[in-house]
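Welcome, and please open your viewer. This short tour tells you what to select next, beginning at the ligand and ending in an enclosed space.

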Amino acid sequence: PPMAHGGGPRQVKLDRESELRIEVGYDAPLKLRLLSGTAEIFGTELPPDFWLTFPPRLKFAVFTLNGATIEMEAVRKPSTRLMRYTPNISYVNVHAVLEERRHRAKPLPPDDPNSQGPRVIVVGPTDSGKSTLSKMLLSWAAKKGWKPTFVDLDIGQGAITIPGCIAATPIEMPIDPVEGIPLDIPLVYFYGHTTPSNNVDLYKVLVKELAQVVERQLSGNAESRASGMVINTMGWIEGQGYELLLHAIDTFNANVVLVLGQAPMTVRIFLLNSQEKLWSMIRNVLKNKPGVDVVKLQKSGGVVSRNAKFRQKSRSHRIREYFYGLANDLSPHSNIANFSDFSVFRIGGGPQAPRSALPIGAEPAADPTRLAPVNINRDLLHTVLAVSFAKEPDQIISRKTITYLAPSAGELPSKYLIAGTVTWLET
Ligand code: ADP
């Protein structure tokens with residue numbers, strides 16, 4: 001039940017296997033510490049007797065396996081709910097199975113295909129808790145000393161960097177419940193849109209490219225290979241979204257598919273709910289692939305449902321966080337540059353090559369990675385641009401200037417920028 005009293009310090013006792021779901025007030029942070037017992041936030045253990053500060057509006061849960069007492073303090077009363085039942089125990093069981101496979105993989109020589117630890121892919125509709133489950137599995141593995149690779153294919157939210165990107169990073173320590181994933185090592189590809197339908201083929205090209213680089217990194221590192229991967233996916237599970245899930249499973253050679261679905265209290269009016277349907281479809285497709293497990297898991301009732309507007313807002317927060325840091329601890333730089341200092345491109349845009357430019361008989365195929373130069377004008381206002389690693393010059397010349405926000409002072413690493421449809425307006 002929600003707590004009755006105001007924002008002053010208060011203690012909460014958690015029984016074993018229960019969780020306290022917390023939503024920090026909208027305009028003031030919340031301080032929390034562990035007084036006794038053991039507890040964790042999405043797989044990361046709370047240090048004993050150490051105050052942690054959570055930013056406004058954050059939604060999270062403190063879970064305990066064996067019982068704990070925590071203390072909270074906030075100017076604005078957080079909204080809290082104490083839950084005696086959570087699906088976390090089933091997630092812990094999945095972790096135990098993955099652990100076994102890692103131990104089995106570790107002593108094997110690199111040329112043995114079984115030296116590859118579990119490659120887990122988490123699928124399900126939006127707001128089923130995919131990112132949260134991914135983080136739990138990664139943090140539990142890291143706590144045991146493994147170095148699993150986190151692959152985030154969800155361009156809608158961007159758990160590693162910003163929306164519009166896919167990324168991969170080794171997880172070497174349990175994920176900080178406030179700071180998230182350290183940004184210094186991830187491998188990031190800029191797709192530029194928050195939905196794959198803008199350029200499905202480009203999305204596939206980037207997923208493939210990311211998989212190849214990850215594969216290369218793992219091949220030279222027995223420890224990382226045995227640790228395996230956790231792959232987070234988009235909430236788009238119908239039609240083309242479903243095809244993209246299969247593409248991801250195939251491209252990363254996933255061998256454990258976790259299908260998240262309905263919360264326990266959902267009334268099952270339909271014979272086949274969406275989780276059931278997705279599970280059986282994937283299982284059918286993969287039945288000829290030995291050694292791939294497709295597992296249904298219950299969604300946590302604590303996962304917050306977000307409508308399109310809320311999602312747009314959290315995207316915007318995420319981009320702000322990228323530039324300013326979660327606690328406003330970063331200082332991005334606003335700069336003025338000449339139009340001529342940069343060349344901006346779009347990927348996959350622009351007209352197709354004329355038939356006359358092709359060999360006789362060849363059909364003009366749309367190349368999803370074709371670059372089209374973009375004129376710098378008002379249309380680019382508030383566009384989030386990626387800096388390309390390209391070194392080749394181009395030809396855009398003009399005397400006009402633009403003001404841009406960069407994560408750090410000094411020159412940008414390149415003058416070639418990539419635009420998509422991701423925009424961000426500082427508020
Ligand atoms: P998805 O990746 O499927 O879109 P997320 O894992 O991002 O869903 O979860 C959505 C939101 O719900 C996140 O803000 C997350 O912190 C919150 N959340 C997830 N599980 C819980 C829980 N047990 N209690 C409270 N909040 C939760």
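Start by selecting Asp 127 together with the ligand: in this predicted model, a backbone N or O atom of Asp 127 sits 3.3 Å from one of the ligand's oxygen atoms. Step along to Ser 128, where a backbone N or O atom is 3.0 Å from a ligand oxygen. Now pick Val 304, which has a polar backbone atom 3.1 Å from an oxygen atom of the ligand.

How much of the ligand does the protein bury? On its own the ligand would expose 560 Å², and the protein buries 87% of that area.

Next, show the shell of residues within 4 Å of the ligand. You should have 17 residues on screen, with Lys 59, Gly 129, Ser 131, Thr 132 and Arg 306 the closest. Colour the shell by class and you get five nonpolar, six polar and six charged residues. For the secondary structure, highlight β2 (18-23), β7 (59-64) and α2 (130-143), the elements that each contribute two or more residues to this shell.

Leave the ligand now and look for enclosed space. Searching the whole structure turns up one cavity of 30 Å³ or more, and the largest cavity holds about 50 Å³. To see its walls, select Leu 153, Tyr 203, Thr 233, Met 234, Gly 241, Leu 244, Leu 245 and Ala 248.

Which helix gives the largest share of that lining? Display α5 (residues 240-251), which supplies four of the lining residues. Coloured by class, the cavity lining shows six nonpolar and two polar residues, with no charged ones.

Definitions and conventions: Residues numbered from 1 in each chain as written. Predicted model: local features only at pLDDT ≥ 70, side-chain atom pairs only at ≥ 80, totals over all residues. Heavy atoms only, no water. 1 Å grid on protein atoms, 1.4 Å probe; cavity = no way out; pocket = protein on both sides within 12 Å on 5 of 7 lines; lining within 4 Å. Points joined across faces, edges and corners; volume = space filled by probe spheres on them. Nonpolar A, V, L, I, M, F, W, Y, C, P; charged D, E, K, R; others polar. Polar contact = N/O pair within 3.5 Å; in protein donor to acceptor, adjacent residues only side chain to side chain. Areas by Shrake-Rupley, 256 points an atom, 1.4 Å probe, with all protein chains shown as cover.
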